[in-house]
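Please open the structure in your viewer and keep the selection tool at hand. The tour goes from stop to stop, with something to select at each one.

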Amino acid sequence: MAGGSGGAGGGTGGGDSLARRAWRQYLLQLQRHPLRTKMITAGCLAGVSDSVAQKLSGYQKIEKRRLLLKMIFGFAYGGPFGHFLHKVLDYIFKGKKDTKTVAKKVLLEQITSSPWNNLLFLFYYGYVVEKRPFKEVKTRVKKQYLSVQLSAWMFWPVVGWINHQYVPLQFRVIVHSFVACCWGIFLNLRARAMSLKQS
């Protein structure tokens, strides 16, 4: 069985075989070290998100400090938070995937973790990344938070529904992190636009 698989891989070209081996290794790490793998994945995707956001914002050179801080946020907070959130939700609802249960999961996620994550990100971005005074950050968050959260509620429930309904538990944080990569670009551009408008 294994020999046949190796032969098929050799016949499809080195690049394809390498990609498959890398993916299998990733899945193995995800199985053996789920938290660590999700943390690294979230950190890397946060880095990709910020790199793209910086380029779209018109930066000629990547701001390495900002990039590093965004990666740390994804690694130290995004990955672990998502890992335990999905485990808790599955525990509360006993792994059920019927329509009513999925709706309850999405609703609970949107009224608890979504507002908290967006609030934390805006404070982190203003106070840590931009190094603004806390009082100024607080004022800016008050102005921005509602519109950011309303935008999130128009987008993330659909992602949450798909994630809880169709994606296996071990992959949910990965899917969430990938979509969050795109959402992070949106938030970065929004925060940047607000900064330019105020200055």
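**First stop: a salt bridge between helices**

Select K105 and D90, whose side chains meet in a salt bridge with 2.8 Å from N to O. This pair links distant parts of the chain, since K105 belongs to helix 5 and D90 to helix 4, 15 residues apart. K105 is buried, and D90 is buried as well. Keep in mind throughout that you are looking at a predicted model.

**How far to trust the model**

Now colour the chain by pLDDT, which is the predictor's confidence in each residue on a scale from 0 to 100. The protein averages a pLDDT of 88, and 87% of the residues score at least 70. Where is confidence lowest, and where is it highest? The lowest mean, 46, belongs to helix 1 (residues 2-11), while the highest, 96, belongs to helix 5 (residues 99-111). If you select residues 1-12, you have a stretch with pLDDT below 50, and beyond near neighbours in sequence this stretch has four contacts in the model. Where pLDDT is low, the predicted coordinates should not be read in detail.

**Helix 3 and the acid it carries**

Next, select residues 34-56, which make up helix 3. This helix has 23 residues and reaches 33 Å from its first C-alpha to its last, close to the 33 Å expected at 1.5 Å a residue. Just after helix 3 you will find G58, which takes a positive phi of about 100°.

Within helix 3, select D50 and then add R66: the two form a salt bridge, and their closest N and O atoms are 2.8 Å apart. Because D50 lies in helix 3 and R66 in helix 4 (residues 64-92), the pair ties together parts that are 16 residues apart in sequence. D50 and R66 are both buried.

Leave D50 selected and add K70, with which D50 forms a salt bridge too, the closest N and O atoms being 3.6 Å apart. Here D50 lies in helix 3 and K70 in helix 4, so this pair ties together parts that are 20 residues apart in sequence. Both partners, D50 and K70, are buried.

A search of the whole structure finds seven salt bridges. To see a group of linked residues, select E130, R132, E136 and R140, which are joined in a network of salt bridges.

**A nonpolar patch on the surface**

Show the surface and select V48, V52, L56 and L189, which form a nonpolar patch with about 310 Å² of accessible area together. Which helix gives the most to this patch? Helix 3 does, with three residues. An α-helix has 3.6 residues a turn, so residues three or four places apart point the same way. L189, by contrast, lies in helix 8 (residues 169-198). Is L189 buried, partly exposed or exposed? L189 counts as partly exposed because its relative accessible area is 30%, and partly exposed covers the range between under 20% and over 50%.

**Around helix 5**

Return to helix 5 and select L108, which lies in it. At 28% relative accessibility, L108 counts as partly exposed. Leaving aside neighbours within four places in sequence, L108 is in contact with L89, I92, F93 and S113. If you draw a distance between the C-alpha atoms of L108 and L89, which are 19 residues apart along the chain, you should find 8.7 Å.

Then select Q165, placed in helix 7 (residues 134-166). Q165 counts as buried because its relative accessible area is 18%, and buried means under 20%. Not counting residues up to four places away in sequence, Q165 touches K97 and V102.

**Last stop: two loop lysines**

Finally, select K94, which sits in the loop between helix 4 and helix 5. K94 has a positive phi of about 55° although it is not a glycine, and at 69% relative accessibility it counts as exposed. Then move to K131, in the loop between helix 6 (113-129) and helix 7. K131 has a positive phi of about 60°, again without being a glycine, and K131 counts as exposed at 59% relative accessibility.

Notes:
Residues are numbered from 1 along each chain as its sequence is written. This is a predicted model: local features need pLDDT of at least 70, side-chain atom pairs count only at pLDDT 80 or more; totals for chains, interfaces and linings use all residues. Side-chain values use heavy atoms; hydrogens and water are left out. Patches are made of residues with over 30% relative accessible area and no salt bridge: like charges are joined within 9 Å, nonpolar side chains (Val, Leu, Ile, Met, Phe, Trp, Tyr) within 5 Å. Accessible areas come from the Shrake-Rupley method with a 1.4 Å probe; for residues, only the protein chains shown count as cover. A salt bridge is a side-chain nitrogen of Lys or Arg within 4 Å of a carboxyl oxygen of Asp or Glu. Helices (H or I, at least four residues) and strands (E, at least two) are DSSP runs, numbered from the N terminus. Buried means under 20% relative accessible area, exposed over 50%, partly exposed in between (1.4 Å probe, protein chains only). The expected span of a helix is 1.5 Å times one less than its number of residues. Contact means heavy atoms within 4.5 Å.
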